[in-house]
Amino acid sequence: MRGRTSGSLLLFALSICAFPAQAAVSLGTMDTFDGGFVQGWVTGSNSPNPLVGVAGGGPEGGADGYLLITSNGSPGPGGRLVAFPGSQWLGDYVTTGVTAIKMQANNLGASDLALRLSFVDASFSSAFTSQAVALPSGSGWSAITFDVRPTALTGSASVLGAVTEIRLY
């Protein structure tokens, strides 16, 4: 049986990295959370843990904003660490040439995290990053990268052509 743990994750400067191309999703998209804004990010429905935009204390200190995502370890809503980025992260990853999504993250929780991204299209086909990104408890600000090439996904990699939902979990 898998135990449930609570956790907190801080995100800063989530960005798309790849070679330039034309498509709905744009390369260089970056959420900095400056000014304490959540930039369209949401949690799952009924989660008792709202996302919090924090105006200062990111990896560059001072007024460097970040997004606080928390989970409470319960078996119900809010028990697992889950967040959905805003619409700026949706679209055609294939035509755009997106190969990776990078972010600065800091695990404030008591448990190590194994982070993944999942992608869904309008027909509810899905795929997720095959390789979890490890973020140990007390990690401090760390640069992490998710490989989002079709060969690095489990499931229907065709969803990358028309992403309608992304989930960080």
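1. In this predicted model, Arg167 is partly exposed, with a relative accessibility of 31%. The side chain of Arg167 forms a salt bridge with that of Glu165, at 3.0 Å from N to O. Glu165 is itself partly exposed, at 26% relative accessibility. Both values count as partly exposed because that class lies between 20% and 50%.

2. A salt bridge also joins the side chains of Asp147 and Arg149, with an N to O distance of 2.5 Å. Asp147 has a relative accessible area of 27% and is partly exposed. Arg149 is partly exposed as well, at 41% relative accessibility.

3. The count of salt bridges comes to two. Side chains of opposite charge can pair when their charged atoms come close. The pairs here are Arg167 with Glu165 and Asp147 with Arg149.

4. The largest nonpolar core contains 30 residues. Within this core, the residues with the most contacts are Trp41, Tyr93, Phe119 and Phe146. Several strands each supply at least two core residues: β4 (66–71), β5 (98–107), β6 (113–115), β7 (117–121), β9 (133–135), β10 (142–147) and β12 (163–168). The largest share, four residues, comes from β5.

5. Two of these strands also bear on the salt bridges. The range of β10 is 142–147, and Asp147 is a salt-bridge partner of Arg149. The range of β12 is 163–168, and Glu165 and Arg167 are paired with each other.

Conventions: Residues numbered from 1 in each chain as written. Predicted model: local features only at pLDDT ≥ 70, side-chain atom pairs only at ≥ 80, totals over all residues. Heavy atoms only, no water. Core = buried A, V, L, I, M, F, W, Y, C linked by side-chain atoms within 4.5 Å. Buried < 20%, exposed > 50% of the residue type's maximum accessible area, 1.4 Å probe, protein only. Salt bridge = Lys/Arg side-chain N within 4 Å of Asp/Glu carboxyl O.
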